[in-house]
Amino acid sequence: MSTTDKLFSGSIAEVYDRAMVPLIFEPYARDLAERVSKLGPQSVLEVAAGTGVVTRALAARLPAQTRIVATDLNQPMLDHARTRMTDDPRIVWQQADAQALPFEDARFDAVVCQFGAMFFPDRVGAYWQARRVMRPGGHFLFNVWSAIEENEFAEEATRALGHFFPADPPRFMARTPHGYHNADAIRADLRAAGFHDVAIEPLDAVSAAPSPYDAAAAYCQGTPLRAEIEARGGSLEEATRYVANAMGKRFGEGPVSGRIRALVVAAA
């Protein structure tokens, strides 16, 4: 993993929340929140909360007495998330590393993580931390993206940028967000962390954007792809328009849609 793969700073947090969240994250946030709500937890820890799409979904479904602690490694992401939910006393926002959680043992009924496990350098260590802070009988629920070939917008953006930078193609999407999709490897990591009851299932959804440019801008400007583009000396706007043109050829002009797939993991 490149050092820039975890860099969600500057304007990326705002673009990410405005563009990427509705593009690909919202349906999976609703799914995770619904799964958590069926467990009836009194306390929930969210790791890698990002700009709070799952936090907001949890708050909408969980009863008033349930407490939510939302954490992320990147303070700018949490700062943006907090602006969306400043009036909810159930939620505590706290910067934290999933691999070194600053909480006592057996504190939470459930631990939730949306599309964060792919970014953990030590996944077994992060899973062990989740298990440590869970009460007996607790549940750990998270999701990861499936292979990039099963996620059409991400695949097309990566392919187009490979043509735009032929000498050094940006590979962030394939390397990190879509780089941890082997169910056997995920199950093995969880078992190494002490989880024995593990269920993994694919979940398909549709990604939709008002135009090819909106989809391209979400990927090129609202993710660490931006750092890869800028590091290669390319114009961010030119790269975005190049990707938009490629998406228009594949998905059509006007409103566009593409298939997305994730794996949903439940461990106890």
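A search of the whole structure finds 0 disulfides, a disulfide being a pair of cysteine sulfur atoms within 2.5 Å. The model is predicted: local features need pLDDT of at least 70, side-chain atom pairs count only at pLDDT 80 or more, and totals for chains, interfaces and linings use all residues. Residues are numbered from 1 along each chain as its sequence is written, and side-chain values use heavy atoms, with hydrogens and water left out.

Two cysteines were examined for accessibility. C113 has a relative accessible area of 1% and is buried. C220 is buried too, at 0%. Here buried means under 20% relative accessible area, exposed means over 50%, and partly exposed lies in between (1.4 Å probe, protein chains only).

The strands form an open sheet of 7, in the order β3-β2-β1-β4-β5-β7-β6, and the pairing is mixed. At its edges stand β3 (91-95) and β6 (198-209), each of which pairs on one side only. Neighbouring strands of the sheet are turned by 20° against each other on average, direction ignored. Strands (E, at least two residues) and helices (H or I, at least four) are DSSP runs, numbered from the N terminus. Two strands pair if DSSP finds at least two bridges between them. For the angles, axes are lines fitted to C-alpha atoms, for helices over the stretch in contact, and values run from 0 to 180 degrees between N-to-C directions.

Parallel pairing links β1, β2, β4 and β5. Strand β1 (residues 43-47) pairs with β2 in the parallel sense over 4 bridges. Within this pair, L45 stands opposite V69 in β2. Strand β2 (residues 67-72) is largely enclosed by the rest of the structure, because 5 of its 6 residues are buried. β1 also pairs with β4, again in the parallel sense and over 4 bridges. There, E46 stands opposite V112 in β4. β4 is mostly covered, with 6 of its 7 residues buried. β4 pairs in turn with strand β5 (residues 134-145), in the parallel sense over 6 bridges. Q114 stands opposite N143 in β5.

The β6 edge is antiparallel. Strand β7 (residues 256-267) and β6 are joined by 12 bridges. One residue pair is A208 with its bridge partner S257 in β7. V264 is also found in β7. V264 is buried, at 3% relative accessibility. Its C-alpha atom is separated by 7.5 Å from that of L141, although the two residues are 123 apart along the chain.

Positive phi values occur at two residues other than glycine. A106 has phi near 55°. A106 is found in the loop between β3 and β4 (108-114). With a relative accessible area of 34%, A106 is partly exposed. F115 has phi near 50°. F115 is placed in the loop between β4 and α4 (123-133). Unlike A106, which is partly exposed, F115 is buried, with a relative accessible area of 6%.

Empty space was then examined. Rolling a probe the size of a water molecule over the atoms shows where such space is left. The search of the whole structure finds 1 cavity of 30 Å³ or more. On a 1 Å grid over the protein atoms alone, a cavity is a set of points where a 1.4 Å probe fits but cannot get out, and a pocket is an open set with protein on both sides within 12 Å along at least five of seven lines. Grid points are joined across faces, edges and corners, and a volume is the space filled by probe spheres set on the points. Lining residues have an atom within 4 Å of a point.

The largest cavity holds about 40 Å³. Its lining consists of V47, A98, L101, V111, F120, A126, A130 and F140. By class, the lining has 8 nonpolar residues, no polar and no charged. In this scheme Ala, Val, Leu, Ile, Met, Phe, Trp, Tyr, Cys and Pro count as nonpolar, Asp, Glu, Lys and Arg as charged, and the others, Gly among them, as polar.

The second largest pocket has a volume of about 180 Å³. It is lined by 13 residues, of which R18, A19, P210, D214 and A218 lie nearest its centre. At least two lining residues come from each of α1 (12-39), β6 and α8 (212-221). This lining divides into 10 nonpolar, 1 polar and 2 charged residues.
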